[in-house]
Amino acid sequence: MVSSDNALLIIDMQQGLFRGPVSPSSADAVLANIRLLIANARHAQVPVFFARHIGPDDSPFSEKGPLTQLIPELGVKEQDVVFTKRYPSCFRDTELLRELNQRGIKQLVITGMKTEFCVDTTCRAAPELGFRTVLISDAHTTMDNAHLSANDIIAHHNSTLAGPFVTLSTASDWHFNTVS
């Protein structure tokens, strides 16, 4: 049997962020790159994990509300793992670590939103938990803020995280390796 020690993690690609009042930087290209990674992961029988950021039940980001639903273009399948989180780290108070350990995952490939919050926090936490971590440099995004453009935020995080926390790759250059 061929299996992989990789998992693909897609963070917060949900209606209220990706389709919110402000469009994320390079939205179409990022989505295309994430879809390519999903297709490649499925072809290599690599598990795909989707994080959904939720807030209190009485907030716009209620778990059952439309803003926390994953965008349909991701094509979530029954075998995928969808989990909710309330904090920037995908590991804090979620089942992600247990699920990864049960599957023997050693390497986590990270994509999604928002670069400076949940993507950054998860990229910093994963190596501390023993994971080799890959950030797909052209498959995470954010929006402009009062001080920096989204493109500057993304470039800064790619540069800052590379080396001590992650290995960088582009979506087209990344290949999920299998182990026998």
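In this predicted model, strand β1 (residues 6-11) runs parallel to strand β2 (residues 48-53), and 4 bridges join the two. Both belong to an open sheet of 6 strands with parallel pairing. Helices α4 and α5 pack on this sheet, and two separate nonpolar cores are present, one of them with 28 residues and the other with 23.

**The sheet**

- The strand order is β3-β2-β1-β4-β5-β6.
- The edges are formed by β3 (81-85) and β6 (167-169); each has a single partner strand, so one side of each lacks a neighbour in the sheet.
- From one strand to the next, the twist averages 25 degrees.

**Strand β1 and its partners**

- In the pairing of β1 with β2, I11 is placed opposite A51 of β2.
- On its other pairing, β1 is joined to β4 by 6 bridges, again in the parallel sense.
- Within that pairing, N6 lies opposite Q107 of β4.
- Strand β1 is mostly covered, with 6 of its 6 residues buried.
- The cover extends to both faces: N6, L8 and I10 are buried on one side, and A7, L9 and I11 are buried on the other.

**Helices on the sheet**

- Helix α4 (residues 115-128) lies across β1, β2, β3, β4 (107-113) and β5 (132-141), and runs at about 170 degrees to β4.
- Helix α5 (residues 150-161) touches β5 and β6, and its direction makes about 170 degrees with that of β5.
- The axes of α4 and α5 come within 11 Å of each other and cross at roughly 10 degrees.
- Because angles under 35 degrees count as roughly parallel, α4 is roughly parallel to α5.
- On the α4 side of this contact are T115, E116, D120, C123 and R124, which meet I153, I154, H157, T160 and L161 of α5.
- The contact of α4 with α5 is mixed in class, with 4 nonpolar, 3 polar and 3 charged residues.

**Nonpolar cores**

- In soluble globular proteins, nonpolar side chains tend to be buried together.
- The largest nonpolar core has 28 residues, of which L8, M13, L74 and F176 touch the most other members.
- At least two residues of this core come from each of β1, α1 (15-18), α2 (27-43), β2, β4 and β5.
- Helix α2 supplies the largest share of this core, 7 residues.
- Leaving aside residues up to four places away in sequence, M13 touches F18, L31, I34, A51, L70, I71, L74, G112 and M113.
- The second core, of 23 residues, is separate and includes L9, V119, C123 and L161.
- Two residues of this second core, C123 of α4 and L161 of α5, also take part in the contact between these helices.
- Strand β1 therefore has a residue in each core: L8 is in the largest core, and L9, on the opposite side of β1, is in the second.

**Two aspartates with positive phi**

- D12 has a positive phi of about 55 degrees although it is not a glycine.
- This residue, D12, is found in the loop between β1 and α1.
- D12 counts as buried because its relative accessibility is 1%, against a cut-off of under 20%.
- D93 also has a positive phi, near 55 degrees, and is a residue other than glycine.
- The loop that holds D93 lies between β3 and α3 (96-102).
- D93 counts as exposed because its relative accessibility is 64%, where exposed requires over 50%.

Note on methods: Residues numbered from 1 in each chain as written. Predicted model: local features only at pLDDT ≥ 70, side-chain atom pairs only at ≥ 80, totals over all residues. Heavy atoms only, no water. Pairing = 2+ DSSP bridges. Axes fitted to C-alpha atoms, helices over the stretch in contact; angles between N-to-C directions. Contact = heavy atoms within 4.5 Å. Core = buried A, V, L, I, M, F, W, Y, C linked by side-chain atoms within 4.5 Å. Buried < 20%, exposed > 50% of the residue type's maximum accessible area, 1.4 Å probe, protein only. Parallel < 35°, antiparallel > 145°, perpendicular 65-115°, else oblique. Nonpolar A, V, L, I, M, F, W, Y, C, P; charged D, E, K, R; others polar.
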